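Please read the following walk through the structure with the coordinates open beside it. The text goes from sheets to helices and then to a metal site.

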Amino acid sequence: MINKIQKVLKKYWGYDSFLPLQREAMQSAGTNHDSLVVLPTGGGKSLCYQAPAVTMEGMAIVVSPLISLMKDQVDSLNECGIPAARIDSTQNALEQRDICAQIRNNQLKLLYVSPERLIGGNFLSFLTRAHISMIAIDEAHCVSMWGHDFRPEYHKLSLLKQTFPNIAVHAYTATATEQVRMDIIARLTLDNPTVLIGSFDRPNLTYKFQRRDNLIDQLTEIIDRHQDESGIIYRISRKDVEETCQKLCKKGYRAAPYHAGMEDNKRQKNQDAFIKEKVDIIVATIAFGMGIDKSNVRYVIHAGMPKSLENYQQESGRAGRDGLEAECHLIYSGNDFHIWSFIMQDMEARAKKIAMDKLNHMFQICSGITCRHQAILSYFDQSLDKDNCGACDVCLGEVDTLDDAQIISQKILSNILRLDQHYGAEYNALVLTGSRDMRILENRHDQLSTYGLLSETPKKVVRDWIGQLTAQGCIKPAGEYNVLNVAEPGWDVLRGKSTPRLLKPAKKKKTTVTKSSSAGSESWQGVDRALFEILRILRRDTASSKGIPAYLVFGDTSLRDMARLRPTTPENFLQVHGVGEQKHKQYGKIFMKAITRHCQANNLEMNVI
Ligand code: ADP
Ligand code: ZN
């Protein structure tokens, strides 16, 4: 069975091997055994059901939460020559009837359908008369209230097992804490499922966090390193989206805005322009992204702190889905924390507590100096298998740490003890910096031996240090008011047994040209960049004339491989990563022609196989 799948993988997708856990996931799908597959974005989840579905008798039902996502997947399958369709509310009666006929005639291998369409009306009973191979639930975390994206319609999906007791159900998601995982299994009533959990690390992403000072300069420094490449800039508010976008456009960048306050068609138009590469940059609120499968986003910048690490993982994860190197920047300020707190103030008490805890944690990570890859992994109860990730600002040695961190930390920790561990971060910072605040004078805390010990340092910096000590476990905020307590690692610092790391106060940012990571230079090895550019434009124009996103024609990996191998014969063209038979048939001629022309004009070797 797995051999059959492997053949399909080559024939339709042009892939020679499996990504981690894909083989196991496909094995489960191919042998009708329920499964829960948790893989990060870009981990290749779709293939886990698509490839087995092609080899199996009948049609797979794929439940997916967003129409744009379904459309993308169906287009992508059709591009590979696989009969697939979707059924949703945007189609008229005629179109729907046509698809129902295809289902009845057993012509489809995969059918994408939204949960409300599936459960509502009598569609489900119609499907019981069709030959169904398997059921796949995409974005399965939507069934769980604990997830970040709960969808009430997903709740009814337990009906599937009742309606199709003999058909395996497979759930796929990128974000799942233990709690969400259990919830998915319970809600979908999966039967003794194979549970496959991949590593959440995305080694091809380089994370860099920095404080906000002059935002536009900070942005352009990053964007300029990615000329003609696609990037996403997230801002928290709609107003900021508009403002940042205007400033960038004024400077000549090709950017478009996206937020929920825009008219539907305008928003759709901008999203389309980004996907079809008519603009390079989309400046957006987090309303943008769910359902965007664009594989060649080369950077994601958060110009504003996300509200949780889970959100950050999800949003930044939209970079580099194709596995090629990409950058994730987080440009934060303390004010972002207050903006989110304000947005969350009207939430119901319990939900608010959860949201505020997540927000606090996110802020600690920002101002902290633990490896960013490790910080994200810890959130999902995983850990990095190396000390230095080589792909974050901390591990690349770009954060400036203090030499006298131990002494400063001891001052801060002593102050917490002098205050009997009864006060929060703000109050502690006030005492340490020697503030004449009324409360301090009334409490006679100006008499403490630690009062004013850090009076040379701005209060903001002291608060950051408290945050960093918290992130490193030395301080533990407790109770409703997050009063600071000294935790065990903090006692080690007080005893002089260990030294935490503290950031130097923000200085004027030096413009360092970042070396691309080693993964990056490798993926460009042997690639003729000029040819890559030519192929990229050819891809955009080809896609544009077909009205599909550029990356559905070929991914960046395929284009680089073409510009490396420079094939001019069908056999060699089929050797290119991600080129299956259908892609070759559709696009082989024009791409080989462009390759031949460029190589002859520049005296370049062809067919470097
Ligand atoms: P996910 O849904 O997990 O985010 P996708 O299914 O969109 O990931 O796959 C991410 C990218 O990896 C896509 O461009 C896809 O074509 C590619 N991919 C998937 N499986 C393989 C494979 N076995 N070999 C090479 N590339 C693959
Ligand atoms: Zn690191």
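The paragraphs below describe a predicted model, beginning with its sheets.

One open sheet has 7 strands, which pair in parallel in the order β3-β4-β2-β5-β6-β1-β7. Its edges are formed by β3 (84–87) and β7 (194–197), each of which pairs on one side only. From one strand to the next the twist averages 15°. Strands of a sheet pair through backbone hydrogen bonds, in either a parallel or an antiparallel sense.

Which strands pair with β2? On one side, β2 pairs with β5 (residues 132–137) in the parallel sense, over 5 bridges. In that pair M59 stands opposite I132 of β5. The other partner is β4 (residues 110–113), also parallel to β2, with 4 bridges. Here V63 has V113 of β4 as its bridge partner. Strand β2 itself spans residues 59–63, and 5 of its 5 residues are buried. M59, I61 and V63 point one way from the strand, while A60 and V62 point the other way, and all of them are buried.

Further along the sheet, β1 (residues 35–38) and β6 (residues 169–173) run parallel and are joined by 4 bridges. V37 of β1 stands opposite Y172 in β6. Helix α2 (residues 22–30) packs on this sheet and touches β1, β5, β6 and β7. The direction of α2 makes about 160° with that of β7. Another helix, α5 (residues 93–104), lies across β2, β3 and β4. The angle between α5 and β3 is about 135°.

The next sheet is also open. It has 6 strands in the order β8-β13-β12-β9-β11-β10, and the pairing is parallel. Strands β8 (205–211) and β10 (255–258) stand at the edges with a single partner strand each, so one side of each has no neighbour in the sheet. The twist in this sheet averages 15° from one strand to the next. Within the sheet, β12 (residues 297–303) and β13 (residues 326–332) form a parallel pair over 5 bridges. H302 stands opposite L330 of β13. Helix α11 (residues 238–250) lies across β9 (230–234), β10 and β11 (281–284). It runs at about 170° to β10.

Helix α14 (residues 334–344) comes next. Which of its residues are buried? They are D336, F337, W340, S341 and M344. These residues cover an arc of only 140° around the axis, which puts them on the same side of α14. An α-helix has 3.6 residues a turn, so residues three or four places apart point the same way. The buried residues of α14 pack against β13 and α15 (349–367). On the other side of α14, H338 and F342 are exposed.

The metal site is a zinc ion, ligand 2. Its coordinating atoms are the SG atoms of C371, C389, C392 and C395, at 2.2 to 2.4 Å. What geometry does the site of the zinc ion have? With angles of 106 to 116° among the 4 donor atoms, the site is tetrahedral. Along the chain the donors follow the spacing C-x17-C-x2-C-x2-C. Of these donor residues, C389 and C392 are both buried.

Two of the zinc donor residues, C389 and C392, also appear among the contacts of H373. H373 is placed in helix α16 (residues 372–379). Is H373 buried or exposed? Its relative accessibility is 2%, so H373 counts as buried, the cut-off for buried being under 20%. With neighbours within four places in sequence left aside, H373 is in contact with D201, R202, P203, L205, Y207, L384, C389, A391 and C392. Of these, L205 and Y207 belong to the edge strand β8 (205–211).

The last element is a hairpin. Strands β14 (residues 475–478) and β15 (residues 483–486) run antiparallel and are joined by 4 bridges. K476 stands opposite N485 in β15. The hairpin has 4 residues between its two strands, and G479 in the turn has a positive phi of about 70°.

Conventions
Residues numbered from 1 in each chain as written. Chains lettered and ligands numbered in written order. Predicted model: local features only at pLDDT ≥ 70, side-chain atom pairs only at ≥ 80, totals over all residues. Heavy atoms only, no water. Pairing = 2+ DSSP bridges. Axes fitted to C-alpha atoms, helices over the stretch in contact; angles between N-to-C directions. Contact = heavy atoms within 4.5 Å. Buried < 20%, exposed > 50% of the residue type's maximum accessible area, 1.4 Å probe, protein only. Arc of directions from axis to C-beta. Donors = N, O, S within 2.8 Å, 3.2 Å for Na, K, Ca; no water. Tetrahedral: all angles 85-135°; square planar, octahedral: opposite > 155°, others 65-115°.
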